[in-house]
Amino acid sequence: MDKTMKERWLCAVSLVIFSLTITVPAFAGTHKIGNVEIIPHASVIEGWDDNISFVKTNEKSDYSATLRLGIDAKYEGHLEKAGLSANVQRQMFNSNTNFDNTSMDILANYG
């Protein structure tokens, strides 16, 4: 394992530990405020992809680590329900760092 790879994985692990240090004590478990239920979540996924560029020729393969933090809020009244979910995801590749990416999503529902 070369120095750059060790630094990247150390950074990823440090980010996870830092995130959990802040998130878990403050939000451990589900919280309820009135009729609103708040559910934080976090995950770390490590994997191998044999074609990270999705091309048929000159394929690139690499290990990756994906960190995901999010929060869900659910409201349930007598006649209606509503929900909001927000997530931030960071995917980091070991050798092909130009494919590193961050994505965010928000989903709202009512009904």
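Two strands pair if DSSP finds at least two bridges between them. I begin with that criterion for the predicted model before us, and I turn directly to a pair of strands that meets it. Strand E4, residues 81-93, and strand E5 are antiparallel partners, joined over 10 bridges. One residue pair in this register is Gln-91, whose bridge partner in E5 is Asn-101.

Let me place that pair in the whole sheet. The sheet is open and consists of 5 strands, ordered E1-E2-E3-E4-E5, with antiparallel pairing. Which strands stand at the edges? They are E1, residues 31-33, and E5; each has a single partner strand, so one side of each is left without a neighbour in the sheet. From one strand to the next, the twist averages 20 degrees.

I now come to one residue within the sheet, Trp-48. This residue belongs to strand E2, which covers residues 36-49. Which residues does Trp-48 touch, leaving aside those up to four places away in sequence? Its contacts on that basis are Ser-61, Asp-62 and Tyr-63. A further relation concerns Phe-93: its C-alpha atom is separated by 9.4 Å from that of Trp-48, with the two residues 45 apart along the chain.

Finally, a word on confidence. Mean pLDDT for the chain is 83, and 75% of the residues reach 70 or more. Where is confidence lowest, and where is it highest? The lowest mean, 61, falls in helix H1, residues 3-27, whereas the highest, 95, falls in strand E5, residues 101-110. Where pLDDT is low, the predicted coordinates should not be read in detail.

Key:
Residues are numbered from 1 along each chain as its sequence is written. This is a predicted model: local features need pLDDT of at least 70, side-chain atom pairs count only at pLDDT 80 or more; totals for chains, interfaces and linings use all residues. Side-chain values use heavy atoms; hydrogens and water are left out. Helices (H or I, at least four residues) and strands (E, at least two) are DSSP runs, numbered from the N terminus. Contact means heavy atoms within 4.5 Å. pLDDT is the predictor's confidence in each residue, from 0 to 100. Axes are lines fitted to C-alpha atoms, for helices over the stretch in contact, and angles run from 0 to 180 degrees between N-to-C directions.
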